[in-house]
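Please examine the sequence and the structure shown below. The briefing that follows is grouped by topic.

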Amino acid sequence: MATISDLSRQYGLDERSIRFLLGQISGFPLFLFYTIFIRRLHIDLQYLYIVATGLGVAYWSFGLECICHGLICIVINILVLNHGLKIIKSRFWHATLLVIFQFGYLLVGYWNRINWGEYEAAIDWTTPHCILCLRLMSITMDFYDGNSRYCV
């Protein structure tokens with residue numbers, strides 16, 4: 001069986017590109033397995049399956065730094081939305097500061113990628129983090145609008 005590096009050499013593609021594509025395609029069989037077997041189980045086991053497969057695909061496709069950077073932003077978002085009202089009383093400033101933080105974190109990641117000389121490979125932890133950044137900003141906007149079910 002051919003490995004990723006064999007496929008990379010054979011077709012002249014970047015190994016990260018192949019991992020990214022196969023990671024995206026792996027969602028179909030994982031979802032089919034979920035639909036057939038996991039959906040009938042208790043909700044906690046369903047969540048465990050979703051988190052485990054998501055982290056596994058992220059680690060395989062992008063490495064450990066993808067998981068670390070994602071967890072940092074998620075934890076900061078949760079902490080500020082759940083406990084920030086004790087410090088700052090305005091929802092507007094929570095939303096504004098979190099949007100600036102999330103967008104700034106992503107921009108610093110792009111800037112560091114350019115400065116470290118890895119700009120040729122545009123597939124790294126910033127690729128999925130862009131989507132995560134948008135989702136965390138949307139949760140922040142829901143919180144600002146008062147429509148959030150996730151936070152206080």
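**Helix H6 and its surroundings**

Ser 90 caps the N-terminal end of H6, with a side-chain oxygen 3.2 Å from the backbone nitrogen of Phe 92. The model is a predicted one. The points below describe helix H6, then Asn 77 in helix H5, and finally Ser 17 in helix H2.

**Helix H6**

- Helix H6 comprises residues 91-115.
- Its 25 residues, at 1.5 Å a residue, should span 36 Å, and the end C-alpha atoms are indeed 36 Å apart, so the expected and modelled values agree.
- The buried residues of H6 are His 94, Ala 95, Leu 98, Val 99, Gln 102, Tyr 105, Leu 106, Gly 109 and Arg 113.
- The elements covering these buried residues include H5 and helix H7, which runs over residues 126-145.

**Asn 77**

- Asn 77 belongs to helix H5, residues 64-83.
- Asn 77 counts as buried because its relative accessibility is 2%, and buried means under 20%.
- Apart from neighbours within four places in sequence, Asn 77 is in contact with Leu 98, Gln 102, Leu 136, Ile 139 and Thr 140.
- A polar atom of the Asn 77 side chain lies 3.5 Å from the backbone oxygen of Leu 136.

**Ser 17**

- Ser 17 is located in helix H2, which covers residues 15-25.
- With a relative accessible area of 29%, Ser 17 is partly exposed, because that class lies between the 20% and 50% cut-offs.
- Ser 17 and Asp 124 are separated by 107 residues in sequence, while their C-alpha atoms are 9.5 Å apart in space.

Methods: Residues numbered from 1 in each chain as written. Predicted model: local features only at pLDDT ≥ 70, side-chain atom pairs only at ≥ 80, totals over all residues. Heavy atoms only, no water. Helix = DSSP H or I, 4+ residues; strand = E, 2+ residues; numbered from the N terminus. Buried < 20%, exposed > 50% of the residue type's maximum accessible area, 1.4 Å probe, protein only. Polar contact = N/O pair within 3.5 Å; in protein donor to acceptor, adjacent residues only side chain to side chain. Contact = heavy atoms within 4.5 Å. Expected span 1.5 Å × (residues − 1).
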